[in-house]
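Please open the structure in the viewer and keep the selection panel at hand. The tour proceeds one selection at a time.

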Number of protein chains: 2
Amino acid sequence: MEQKIGLIGCGTVGQGLLQILHEKRDYLREAFGFEARVVAIADKLKGSLVLPDGIDIPTVLDLLGAGKGLAEYPKAAPAQVEPLDPLDMIERTEAAIIAEMTYTDIKTGEPAASYIKKALRHGKHVVTSNKGPAALHYHEIRDLARKNGLQFRIEGTVMSGTPVFHLAECGLAGNAVREVKGILNGTTNFILTKMETEGMDYGPALALAQKLGYAEADPTADVEGHDALAKVVILSNVLFGGSLKTSDVPCQGISSITKADVEAAKAEGFRYKLIGHAKIEDGAVAASVSPRKLPLTDPLAGVMGAQNALSLETDLMGKVTIQGAGAGKLETGFAILSDILAVHRC
Amino acid sequence: MEQKIGLIGCGTVGQGLLQILHEKRDYLREAFGFEARVVAIADKLKGSLVLPDGIDIPTVLDLLGAGKGLAEYPKAAPAQVEPLDPLDMIERTEAAIIAEMTYTDIKTGEPAASYIKKALRHGKHVVTSNKGPAALHYHEIRDLARKNGLQFRIEGTVMSGTPVFHLAECGLAGNAVREVKGILNGTTNFILTKMETEGMDYGPALALAQKLGYAEADPTADVEGHDALAKVVILSNVLFGGSLKTSDVPCQGISSITKADVEAAKAEGFRYKLIGHAKIEDGAVAASVSPRKLPLTDPLAGVMGAQNALSLETDLMGKVTIQGAGAGKLETGFAILSDILAVHRC
């Protein structure tokens with residue numbers, strides 16, 4: 001069955017999704033009866049494209065790869081490449097699924113939250129990798145989706161395409177999840193790994209992470225724990241029905257951890273990890289982000305480099321831990337695809 | 001929606017399933033609209049019960065817990081408690097789903113394979129935790145299920161309820177899985193852990209595993225790798241479409257590993273694990289079971305005690321590893337429930 005898809009944002013993640021949809025088109029058709037027709041793209045920088053008959057993906061990827069805009073899409077009528085605000089694109093497109101992949105604003109969730117709500121009000125399912133709306137407005141948006149008989153899916157907001165929400169919803173369905181504990185930020189885990197395995201101090205390890213592209217020029221969001229914090233809040237919202245605000249959660253990053261701290265922990269048989277933690281107790285959710293010394297027997301202690309992992313404490317299965325990539329073009333593009341496939345299945 | 005369920009085998013796993021179905025009945029109804037009505041049980045030792053109106057689960061658990069047979073179920077008509085071969089039970093019951101939970105015969109897969117095929121020919125979905133039919137007759141049974149528009153689900157055959165097949169089918173759907181590598185036997189992992197962390201030699205570590213109930217009086221199936229071998233064959237069958245026979249797969253256990261081997265590996269920064277491995281290359285599947293020295297950076301190296309874990313190498317997500325329980329009454333009971341819920345969803 002064909003699914004008409006509209007993209008808001010066509011940066012790294014959007015292009016990762018397009019690449020997968022194109023390269024795997026035969027497999028997706030054979031294995032899942034799934035045929036993607038991308039009918040609209042709106043990107044603030046790269047321009048817009050609304051083509052009800054479907055966009056030729058290689059053409060779009062070539063244009064963007066060459067640094068050109070969507071306005072140069074060949075043989076398009078002027079109205080089809082007219083720059084559109086995503087809110088207007090939503091009105092014009094016949095897409096049944098909107099993939100929202102713009103940047104995260106963790107203070108307001110905007111403008112993504114407005115895009116998502118408008119799409120749901122116009123009868124479109126929404127899948128997103130954007131942490132802002134999921135961390136700040138999860139219940140409001142989920143309720144809006146339910147009211148309209150639509151899906152709002154957010155696999156890519158935590159650990160990219162490593163399937164934490166699918167795991168809870170599908171493989172572990174029937175369990176009560178009571179607690180989660182995770183390594184939710186790859187940059188800080190990379191830095192801590194380098195500090196332990198190569199005896200680096202914090203500063204040089206951060207500089208290496210920046211040089212390799214794991215950390216931004218301004219590394220605050222990663223190293224002070226804000227990125228992990230948003231993910232802890234999302235996990236609480238989804239798994240525990242919590243309505244935490246980021247300001248409710250104590251948050252400490254790794255910038256004050258020294259090489260001496262890491263070495264002292266190692267000598268005692270422990271390993272520092274930046275741990276996002278959330279727990280439901282007597283109906284209330286308690287959460288935190290902080291560096292913790294884990295015993296080496298903890299499944300999270302062995303998670304090295306830029307990898308992410310999450311342990312779920314469940315009533316029937318005890319502790320189940322999933323480890324995998326936490327970022328990446330294809331990995332986050334796949335997160336979007338996995339949510340689209342989930343919509344397609346239902 | 002009510003699902004009528006018939007149980008073949010009502011030992012540890014069957015009683016674990018019944019306990020979960022009973023204790024979680026309100027939750028399962030609210031969360032999934034799922035209502036279980038157990039309408040039949042056939043167990044070679046404990047007797048049979050065929051009650052179209054549904055069996056009272058606490059009554060059955062009390063009887064079996066007191067060492068009594070199903071024949072003592074109160075107020076049952078003689079025909080309802082007449083000892084039945086499972087093949088006859090399948091003919092008499094209106095169950096839409098058969099949960100097959102008898103013992104594994106890894107040489108023939110019988111009698112479970114015959115039960116499963118008969119159930120599928122009678123229009124019933126089958127879920128099972130039995131490794132025999134899945135390792136020896138997977139494709140034949142799956143094809144029979146497909147031909148009849150039914151499901152044949154086997155989550156509990158590998159790592160109990162830790163969801164490896166659900167993960168591949170649901171959260172990772174869209175990925176090509178090219179290779180799997182796992183710790184698939186808890187007994188041997190417990191023994192290797194004790195040898196390393198407590199400096200025990202193989203013999204005493206095995207004796208401790210037997211004392212704690214992790215190992216059987218005859219530990220051959222575990223320590224010589226036969227249990228892990230069956231699981232590797234099942235993984236190959238399901239994930240790679242392979243048709244390996246257990247005799248095709250080189251299999252070495254841990255009984256020749258000495259304390260000195262474990263210590264020498266540790267000194268080099270490695271850790272011994274019994275690894276089940278399967279890989280698809282040029283359309284052919286290569287598989288093995290053998291003790292391997294893993295670097296401590298391998299996600300499987302940190303898996304300690306009786307836990308199990310599986311790493312899946314995928315094309316889009318790279319390596320994804322899931323760790324959890326590999327056995328247990330509630331854990332395997334949950335595996336059966338998770339497959340029943342999957343049937344219920346479709």
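**From the chain contact to the sheet of chain A**

Begin by selecting A:Ile322 and B:Ile322: in this predicted model, A:Ile322 stands opposite B:Ile322, a residue of E11(B).

Next, extend the selection to strand E11 of chain A, residues 318-324, together with E11(B). The two strands run antiparallel and are joined by 3 bridges.

Now display the whole contact, to which chain A and chain B each give 34 residues. On the side of chain B that touches chain A, select helix H9 (164-171), strand E11 (318-324) and helix H15 (329-345) of chain B, the elements that give two or more residues. E11(B) provides the largest share of that side, 7 residues. Colouring this side of chain B by class will show 19 nonpolar, 12 polar and 3 charged residues.

Turn then to chain A and select strands E1 to E6. In what order do the 6 strands lie in the open sheet? The order is E3-E2-E1-E4-E5-E6, with mixed pairing. Strand E3 (47-50) and strand E6 (152-153) of chain A each have a single partner strand, so one side of each lacks a neighbour in the sheet.

Within this sheet, select strand E1 (residues 2-8) and strand E2 (residues 35-43) of chain A, which run parallel and are joined by 7 bridges. One pair to label is A:Lys4 and its bridge partner in E2(A), A:Arg37.

Finally, add helix H15 of chain A, residues 329-345, which packs on the sheet. Helix H15 touches E1, strand E4 (97-100), strand E5 (125-128) and E6 of chain A. The direction of H15 makes about 155 degrees with that of E5(A).

Definitions and conventions: Residues are numbered from 1 along each chain as its sequence is written. Chains are lettered from A and ligands numbered from 1 in the order in which they are written. This is a predicted model: local features need pLDDT of at least 70, side-chain atom pairs count only at pLDDT 80 or more; totals for chains, interfaces and linings use all residues. Two residues are in contact if their C-beta atoms, placed from the backbone, lie within 7 Å. Helices (H or I, at least four residues) and strands (E, at least two) are DSSP runs, numbered from the N terminus. Ala, Val, Leu, Ile, Met, Phe, Trp, Tyr, Cys and Pro count as nonpolar, Asp, Glu, Lys and Arg as charged, and the others, Gly among them, as polar. Two strands pair if DSSP finds at least two bridges between them. Axes are lines fitted to C-alpha atoms, for helices over the stretch in contact, and angles run from 0 to 180 degrees between N-to-C directions.
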